Amino acid sequence: MGSHATECGAWPSGPEDLAPRKIEGLPDDRGYQYYWGYNRMTTLDGLFCAGDACGANPHKFSSGSFTEGRLAGKSAVLYVMDHSDEKVEVDKAQVDSLIAKVMEPLERYQKGKYSVVTGPSYMHPIDPTKMYWKQGLFRLQKIMDECAGGWSNYYMTNEVMLNRGLELLQFLKEDFLNYAAAQDWHELMRVWELWHRILAAEAVVRHMLFRKETRWPGYYVRADYPALDDENWHVFVNSRYDAKTGQWELWKVPVIHIIEFP
Ligand SMILES: Cc1cc2nc3c(=O)[nH]c(=O)nc-3n(C[C@H](O)[C@H](O)[C@H](O)COP(=O)(O)OP(=O)(O)OC[C@H]3O[C@@H](n4cnc5c(N)ncnc54)[C@H](O)[C@@H]3O)c2cc1C
């Protein structure tokens, strides 16, 4: 929930009138910069975000989110107008392979529906060869609660727990790819929602692991770094996931105060 408190979300370009231009000493990569032409455009060309989807800006709440939505919408229209003569070429083979991937859980259920041990179809059957979305969701919630500063640990975690969380998330990802099954379209949507939640959860854990301090104790405490450390951590932490290699990259970006309060 980026806009309410945690500042998490996509890293977009700032507005033309206020965003700092190129900062000396920082790479040209958009992940290190503050402005690249279209307000609220993420580091991906043509992808815009607002509200909870948009990072580096807490306490927007509902009114800030919809105001930002208006800004992002106007900016996206501008982008479309500026690029109206571009032709979009769709790679049919890539589309077909994505469709096959998305449908896999439905096929897995159909192929193996006679291995269901017990349970009516409107609930989640007991089945050693498949993972249904709710089972995966409960497993994800347990991992995040116990390892990533959930309520059952009094919102506390540390490096050992976070690394254990990453290990368990990896097992969950492997099980998802091999066993995720859906009985109908609704469950298919739930299954992919689960996958996106798993990726978001992994991003959260990796960011908590990277930030070696406790910034807002009300949200979570790193028991191994229980104090605020402005000298080293008055920064944003940006990250990038490489879907091809499965690797994450994390780095610090300075917080630049555009408005100075007296
Ligand atoms: C417990 C809680 C209390 C809060 N209290 C307050 C408060 O008192 N005052 C206040 O101002 N703010 C409050 N907020 C914050 C505020 O609700 C949010 O910041 C704001 O609603 C964010 O708006 P949004 O449009 O960015 O995201 P959302 O309102 O989350 O909208 C995102 C929408 O996208 C949909 N969606 C997701 N994935 C897909 C997909 N693949 N395809 C299509 N649609 C999709 C979702 O279903 C959702 O409707 C609170 C938030 C929470 C969680």
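Analyst: A residue counts as buried under 20% relative accessible area, as exposed over 50%, and as partly exposed in between. The model here is predicted.

User: Why is Glu146 called partly exposed?

Analyst: Its relative accessible area is 33%. That value lies between the 20% and 50% cut-offs, so partly exposed is the right label.

User: How do you know that Glu146 and Lys142 form a salt bridge?

Analyst: The N to O distance between their side chains is 2.6 Å. The cut-off is 4 Å, so the pair qualifies. Side chains of opposite charge can pair when their charged atoms come close.

User: What separates Glu146 and Lys142 along helix 4?

Analyst: They sit four residues apart in helix 4 (residues 133–147), which means about one helical turn lies between them.

User: How many salt bridges does the structure hold?

Analyst: It holds 21. One of them joins Asp29 to Arg240, with the closest N and O atoms 2.9 Å apart.

User: What makes the pair of Asp29 and Arg240 a link between distant parts of the chain?

Analyst: Asp29 is in the loop between helix 1 (2–6) and helix 2 (61–82), while Arg240 is in strand 3 (residues 235–242). The two are 211 residues apart.

User: Are Asp29 and Arg240 buried or exposed?

Analyst: Neither label fits. Asp29 has 30% relative accessibility, so it counts as partly exposed. Arg240 has a relative accessible area of 33%, so it is partly exposed too.

User: How do you know that Arg211 and Glu213 form a salt bridge?

Analyst: Their side chains meet at 2.9 Å, N to O. That is within the 4 Å cut-off, so the contact counts. Arg211 is buried, and so is Glu213. Shared partners tie Arg211, Glu213, Arg215 and Asp230 into one network of salt bridges.

User: What makes Ile259 an exposed residue?

Analyst: Its relative accessible area is 58%. The cut-off is over 50%, so Ile259 passes. Ile259 is in the segment after strand 4 (247–254).

User: Which residues form the nonpolar patch on the surface?

Analyst: Leu18, Ile258, Ile259 and Phe261 form it. Together they have about 480 Å² of accessible area. A patch member needs over 30% relative accessible area, so Ile259, at 58%, meets that condition.

User: What makes Arg40 stand out in its backbone?

Analyst: Arg40 has a positive phi of about 75° although it is not a glycine. Most residues other than glycine have a negative phi. Arg40 is in the loop between helix 1 and helix 2. At 12% relative accessibility it falls under the 20% cut-off, so it counts as buried.

User: How does Tyr155 stand on phi?

Analyst: Tyr155 also is not a glycine, and its phi is positive, about 60°. Tyr155 lies in the loop between helix 4 and strand 1 (156–157). Its relative accessible area is 41%, so Tyr155 is partly exposed.

User: How many cavities of 30 Å³ or more does the search find?

Analyst: It finds one. The volume of the largest cavity is about 40 Å³.

User: Which helices supply at least two residues of its lining?

Analyst: Helix 3 (92–111) and helix 5 (159–179) each do. Helix 3 gives the largest share, four residues. The lining includes Lys101, Phe176 and Trp192.

User: What classes of residue make up that lining?

Analyst: There are five nonpolar, no polar and three charged residues.

Conventions:
Residues numbered from 1 in each chain as written. Predicted model: local features only at pLDDT ≥ 70, side-chain atom pairs only at ≥ 80, totals over all residues. Heavy atoms only, no water. Patch = residues over 30% accessible without salt bridge, like charges linked within 9 Å, V, L, I, M, F, W, Y side chains within 5 Å. Areas by Shrake-Rupley, 256 points an atom, 1.4 Å probe, with all protein chains shown as cover. Buried < 20%, exposed > 50% of the residue type's maximum accessible area, 1.4 Å probe, protein only. 1 Å grid on protein atoms, 1.4 Å probe; cavity = no way out; pocket = protein on both sides within 12 Å on 5 of 7 lines; lining within 4 Å. Points joined across faces, edges and corners; volume = space filled by probe spheres on them. Nonpolar A, V, L, I, M, F, W, Y, C, P; charged D, E, K, R; others polar.
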